[in-house]
Amino acid sequence: MQATPIGVIGGSGYSGMELLRLLSGHEGFRVVFATSDRWEGQKLQKKILGARAERFEGLAFCSPEQGLKQLGQCQVVALATPANTSLATVPVLLKAGVRVVDLSGSFRLKDATLYPRFYAFEHSAKALLEQAVYGLTELFRPDIPSATLLANPGCYATAAPLALAPFLKKQLLREDTLVINAASGISGAGRKATEDYGYMEIAGDFRAYRLHRPLSVPKMTQTKACEEEAFMGAHQHAPEMAQTLGRVAGRPVDLLFLPHLLPMKRGILCTVFAKTKIGTSQAQVEEALEEAFGKEPLVEVLSSPEEVRIASVAGRPHAQVAAHLEGGKLIVVSALDNLLKGAASQALQNLNLMFGYPETMALL
């Protein structure tokens, strides 16, 4: 097998580390470089725990500038960087002729006017937003193999659409009744050395954060107020979910997103509530789930929402989902590992499709 050369920018963040670990077990990809400001000069073999060390023989983390000098040796680059960094880097990569998988949110939203509100920056590469392929594999698989720029979905924005999409696709739900209540492990916040995310602050606590405000709020310009809105009043995954679910439903959807922070390292549990259309039965609910995911290798459909657990998906590339209907009200619970199916393993799933490898290669 002729291995595909790949570079990873942002290899010392949690998602970047997981992606490097997965790539070390993939015979179809060969890591050319991995960048890190904090680990520059240190051997990948020593820093990426659980990796096949021989696959990183002689490789050391380099600076982002040094990595960009090696683009000529790569066919694809994965970006595990903050959104503003990816925004500046993606045009450089595409100009160099390499394909891109971006794990940040910098190209996930099609509406450029949403970026000031949810990401606190004006989008400087609007022309690329239409080109970007959104890589929620189970929903948009046909789009992925030809992607030049792939926007890898976020963790909440994978868990919630997997829970709701089967029923919206079958037009079983009232689209104005969607409530998404989800909780994520602390790794979802990244490697932030701040007081709010320290062990003494998180342990023994459970709290809501960045509660979503309705998308009907007037769009804001790049001002101080905009920054406060982005970081205090709205979660960046909310418009991403609305975009995905609207695309599946074929019309705009109205949702309420309530994110919470769990005092654990990894994993997401998502509980979704919605009212169904009159006449919807439990049999239709089960049929919709089976049709959507019955043959999916990385989504497990369980018989009861109570069976869905973070412990069952932590460290695995799978998502779990189950639903129950009672009195015209649908409850769906989904779970996934936010660093894997919500980030790195989904990126590798998409990379496999982009380069013609079996979709689950090095994942199962």
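This is a tour of a predicted model, stop by stop, with a selection to make at each one.

**Before starting**

Residues are numbered from 1 along each chain as its sequence is written, and side-chain values use heavy atoms, with hydrogens and water left out. Because the model is predicted, local features need pLDDT of at least 70 and side-chain atom pairs count only at pLDDT 80 or more, while totals for chains, interfaces and linings use all residues.

**Colour by confidence**

Start with pLDDT, the predictor's confidence in each residue, from 0 to 100. The protein chain has a mean pLDDT of 91, and 91% of its residues reach 70 or more. Now select residues 214-233: the pLDDT there is below 50, yet beyond near neighbours in sequence the stretch has 38 contacts in the model. A contact means heavy atoms within 4.5 Å. Where pLDDT is low, the predicted coordinates should not be read in detail.

**The parallel sheet**

Switch to a cartoon view. Helices (H or I, at least four residues) and strands (E, at least two) are DSSP runs numbered from the N terminus, and two strands pair if DSSP finds at least two bridges between them. Six strands make an open sheet with parallel pairing, in the order 2-1-3-4-6-5. Its edge strands, each pairing on one side only, are strand 2 (29-35) and strand 5 (133-134).

Select strand 1 (4-9) together with strand 2. Six bridges join the two, which run parallel, and Ile 9 stands opposite Thr 35. Add helix 1 (residues 14-24): strand 1, this helix and strand 2 form a right-handed β-α-β unit. Right-handed means that, with the strands pointing away from the viewer, the path from the first strand over the helix to the second runs clockwise.

Buried means under 20% relative accessible area, exposed over 50% and partly exposed in between (1.4 Å probe, protein chains only). Six of the seven residues of strand 2 are buried, so this strand is largely enclosed by the rest of the structure.

At the other edge, strand 5 is joined to strand 6 (residues 149-151) by two bridges, and the two run parallel. Tyr 134 has Ala 151 as its bridge partner.

**Helix 13**

Select residues 344-354. Helix 13 lies across strands 1, 2, 3 (76-79), 4 (99-102) and 6, at about 160° to strand 4. Axes are lines fitted to C-alpha atoms, for helices over the stretch in contact, and angles run from 0 to 180 degrees between N-to-C directions. In helix 13, 11 of its 11 residues are buried, among them Ser 345, Gln 346, Gln 349, Asn 350 and Asn 352. Gly 356, which follows the helix, has a positive phi near 80°.

**The loop between strand 6 and helix 8**

Pro 153 is found in this loop. Pro 153 counts as buried, at 1% relative accessibility. Show its surroundings: not counting residues up to four places away in sequence, Pro 153 touches Arg 108, Tyr 134, Gly 135, Leu 136, Thr 158, Glu 240, Gly 342 and Gln 346. Pro 153 and Met 241 are 88 residues apart in sequence and 9.5 Å apart in space, C-alpha to C-alpha.

Cys 155 is in this loop as well and is buried, with a relative accessible area of 11%. With residues up to four places away left out, Cys 155 touches His 237, Ile 268, Leu 336, Asn 338 and Gly 342. The C-alpha atoms of Cys 155 and Gly 267 are separated by 9.1 Å, at 112 residues apart along the chain.

**The mixed sheet**

Next, select the seven strands of the open sheet ordered 8-9-7-10-13-12-11, whose pairing is mixed. Strand 8 (207-208) and strand 11 (299-301) stand at the edges with a single partner strand each, so one side of each lacks a neighbour in the sheet. Three bridges pair strand 11 with strand 12 in the parallel sense, with Gln 320 the bridge partner of Glu 300.

Helix 11 lies across strand 7 and strand 9, at about 135° to strand 9. Helix 12 packs on the sheet, touching strands 11, 12 and 13, and its direction makes about 165° with that of strand 12.

**The nonpolar cores**

A nonpolar core is a set of buried Ala, Val, Leu, Ile, Met, Phe, Trp, Tyr and Cys residues joined through side-chain atoms within 4.5 Å. The largest has 44 residues, and Phe 167, Leu 178, Ile 180 and Leu 255 have the most contacts inside it. Helix 8 gives the most to this core, with 10 residues.

Centre on Leu 178. Beyond four places in sequence, its contacts include Leu 164, Leu 168, Leu 245, Leu 255 and Phe 273. Finish with the second, separate core of 37 residues, which includes Ile 6, Leu 22, Leu 23 and Ala 34.
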